[in-house]
Amino acid sequence: ILLSLLCVVFARTTKVQTPASQRKAFIQAGLVPDVLSSFHPKLVLDVTYTLPDTEEKKAVDPPGKNFTRPQTLNSPTWSIPFVDSKLLKETFVVAMVDPDAPTPQNPTSSQIRHFLGGDFKLEHQVGIGAVLVNNTPALTEYHQPTPPNTSDAHRRDFCQYTWLIFRQSVDFPTNISQSISGFNISAFAEEFHLGPPLAGNFM
């Protein structure tokens with residue numbers, strides 16, 4: 001699958017996010033320490049869904065914004081605004097996990113790996129950010145959030161799903177045999193020497 005993570009321009013109704021504000025949101029939601037032992041992002045990660053039928057764009061802004069399951073049918077686009085040109089030669093990994101599966105009260109399957117892909121490259125877009133393009137198959141293709149009907153809102157919202165961006169190391173695998181359930185993104189990042197996440201967001 002060709003995955004293009006497009007820089008999306010949309011009208012913001014909230015304040016502009018910064019790495020510091022996204023870090024604060026992660027801590028307030030309990031994703032630190034539940035998913036990450038610490039989180040010190042260097043970049044801002046924007047996540048945008050294209051709603052089925054209407055083609056309307058809905059951004060995860062601010063982090064923790066409510067989404068219903070039907071709104072998450074299509075794989076989202078990720079963008080990084082105001083990218084330093086020094087990053088244009090870097091290669092990135094994108095991951096999406098659910099830390100509350102199947103329910104927040106009984107997360108026996110967490111984390112669920114909803115997406116994991118590497119070989120993303122930045123293409124500079126003057127003034128507003130960048131485009132990341134991947135021409136290789138994802139290790140785990142996008143799995144739409146599917147919380148049980150009886151589940152409370154994961155964390156504080158309808159669905160609690162977390163995206164993280166890492167620098168890709170030479171050790172990054174070309175396939176993964178591990179089940180999508182019982183995954184641990186921190187352990188995976190440590191095993192394959194990805195380093196700490198550069199950016200993150202959640203809904």
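**Notebook: a first look around the chain**

I began with burial: of the 203 residues in the chain, 52% are buried. A reminder to myself that this is a predicted model.

Next I looked up the accessible surface of the chain. The total comes to about 9700 Å², and carbon and sulfur atoms account for 54% of that area.

Then I went through the elements. I found three helices and nine strands. Starting from the N terminus, I read their order as β-α-α-β-β-β-β-β-β-β-α-β.

I also checked the contacts between residues at least 6 apart in sequence. Of these, 73% join residues at least 24 apart.

After that I settled on helix α1, which covers residues 19-28. Which residues of α1 are buried? I noted Ser21, Gln22, Ala25 and Phe26. Looking down the axis of α1, I saw these buried residues fall within an arc of 145 degrees, so they line one face of the helix.

What do the buried residues of α1 pack against? My list has one helix, α2 (31-34), and two strands, β8 (162-167) and β9 (199-202).

I turned to the face of α1 that points away from the buried side. There I met the exposed residues Ala20, Lys24 and Gln28.

My last stop was just after α1, where I looked up the backbone of Gly30. Its phi is positive, at about 80 degrees.

To keep the picture of α1 together, I wrote down both sides: Ser21, Gln22, Ala25 and Phe26 are buried, while Ala20, Lys24 and Gln28 are exposed on the face turned away.

Conventions:
Residues numbered from 1 in each chain as written. Predicted model: local features only at pLDDT ≥ 70, side-chain atom pairs only at ≥ 80, totals over all residues. Heavy atoms only, no water. Helix = DSSP H or I, 4+ residues; strand = E, 2+ residues; numbered from the N terminus. Buried < 20%, exposed > 50% of the residue type's maximum accessible area, 1.4 Å probe, protein only. Contact = heavy atoms within 4.5 Å. Areas by Shrake-Rupley, 256 points an atom, 1.4 Å probe, with all protein chains shown as cover. Arc of directions from axis to C-beta.
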